[in-house]
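Here's a quick briefing on the empty space inside this protein, plus a look at one histidine. Have the structure open as you read.

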Amino acid sequence: MVWKWLGALLLFPVQMVYLVVKAAVCILLPARLRDLSGESVLITGGGRGIGRHLAREFAKRGARKIILWGRTEKCLKETTEEIRRMGTECHYFICDVGNREEVYRQAKAVREKVGDITILVNNAAVVHGKSLMDSDDDALLKSQHINTLGQFWTTKAFLPRMLELQNGHIVCLNSVLALSAIPGAIDYCTSKASSFAFMESLTLGLLDCPGVNATTVLPFHTSTEMFQGMRIRFPNLFPPLKPETVARRTVKAVQLNQAFLLLPWTMHVLVILKSILPRSALEEIHKFSGSYTCMNTFKGRT
C-alpha cells in the first residue's frame with residue numbers, strides 16, 4: 001500500500017507537466033470543432049441582448065433546432081422569426097426561469113413539442129444596479145431567483161435526459177464580476193458569484209459522465225441594454241465587449257469543449273493580481289480604473 005501511494009505521488013507531477021504541455025500544443029495547433037448539426041439548443045433570455053446573438057451564432061454554425069425562453073413575447077417572437085429566416089427551425093416559450101414550477105412545466109412542453117435538448121445555455125439575467133441599503137428587498141430576491149436559482153431549475157429539468165443520452169452540454173453566461181465585484185451592483189455580483197460556484201461544482205461532477213460537459217463564460221462589461229449607462233473610466237483602454245463577440249466566442253468554446261472562458265484574455269491578469277496583491281493595492285486599482293464609480297450613471301433597461 002505504501003509503495004502504491006508513493007508511486008502515485010511520484011507520477012502526479014509528471015501528469016501535470018504532460019497536461020500543461022498538451023494544453024500548450026492545443027493552443028498552437030488548430031483544434032477540431034464539434035459538429036452542431038444534430039444539436040437542439042435552448043437559450044434562456046434568448047429574445048434580446050447576448051441571447052439573441054447566441055441564437056444567431058448557433059444558427060450560423062448549423063444547429064438543428066433552437067428554442068428560446070424569455071419573459072417578453074415581443075422580443076422572443078422577433079428573434080424566432082429572424083432565426084427561421086436563416087433556415088433554422090426555431091421555437092419560443094414564455095418562461096420566467098426564476099419560477100421553479102414554470103420552468104419544470106415549460107421543460108415538459110419543450111420535450112413534447114420539440115424533443116430532447118442537448119445544449120442548454122443559461123443566459124437569462126437581471127441587474128438591479130443599486131447599493132445594498134438603496135435596494136428594494138423584492139428586487140434583490142428577483143436577482144437571486146433569476147441569476148442563480150434559475151440555473152438550478154433549468155439544469156435539473158434537462159440534465160437527466162442528457163445523462164441518459166450521453167450527449168449534452170450545459171453553458172453558463174456568467175460575468176467577470178463573479179470574480180471581482182464592484183459597488184452599486186451588489187445583487188448582480190452576489191448572484192454571479194453563486195452561479196460561478198454552481199458551475200464549478202457541476203463541471204467537476206460531470207467529469208465521470210461521458211458525453212456531457214459544461215462551459216462557463218465570464219465576460220467583461222458588454223454593451224447591452226441591461227447595463228445601459230454604466231461608464232468605464234478608460235473606455236479606449238478597456239472597451240466594452242460587443243454582444244456578438246461574446247456570442248461567437250461562447251459558441252466556439254462549446255465546440256472546443258472549453259470548461260472556462262474569460263473575455264477578453266486580459267481578465268486573466270485581473271485574477272492573478274487579485275490572488276497576489278494586498279487589499280490596499282487592489283483598492284487603488286479599483287479607484288484608478290473607475291470601477292468604484294462606474295455604476296453611478298447606471299440606467300439599465302428602459
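**Cavities and a buried histidine**

The largest cavity holds about 70 Å³ of space. Keep in mind that this is a predicted model. The count comes to two cavities of 30 Å³ or more, and helix 5 gives the most to the lining of the largest cavity and of the second largest cavity.

**Largest cavity**
- Helix 5 (residues 137–165) puts five residues into this lining.
- The full set of lining residues is Thr44, Val97, Asn122, Asn123, Ala124, Ile146, Asn147, Gly150, Gln151, Thr154, Leu173 and Lys192.
- Sorted by class, that makes seven polar, four nonpolar and one charged residues.

**Second largest cavity**
- This one comes in at about 30 Å³ of space.
- Its walls are made by Arg111, Asp116, Ile117, Ala157, Phe158 and Arg161, and helix 5 supplies three residues.
- The class split is three nonpolar and three charged residues, with no polar ones.

**His91**
- You'll find His91 in strand 3, which covers residues 89–94.
- His91 counts as buried because its relative accessible area is 13%, and the cut-off for buried is under 20%.
- The side chain of His91 makes a polar contact of 2.8 Å with the side chain of Glu89.
- Leaving out residues up to four places away in sequence, His91 touches Ile66, Ile67, Leu68, Thr80, Arg84, Lys113 and Val114.

Definitions and conventions. Residues numbered from 1 in each chain as written. Predicted model: local features only at pLDDT ≥ 70, side-chain atom pairs only at ≥ 80, totals over all residues. Heavy atoms only, no water. Helix = DSSP H or I, 4+ residues; strand = E, 2+ residues; numbered from the N terminus. Buried < 20%, exposed > 50% of the residue type's maximum accessible area, 1.4 Å probe, protein only. Polar contact = N/O pair within 3.5 Å; in protein donor to acceptor, adjacent residues only side chain to side chain. Contact = heavy atoms within 4.5 Å. 1 Å grid on protein atoms, 1.4 Å probe; cavity = no way out; pocket = protein on both sides within 12 Å on 5 of 7 lines; lining within 4 Å. Points joined across faces, edges and corners; volume = space filled by probe spheres on them. Nonpolar A, V, L, I, M, F, W, Y, C, P; charged D, E, K, R; others polar.
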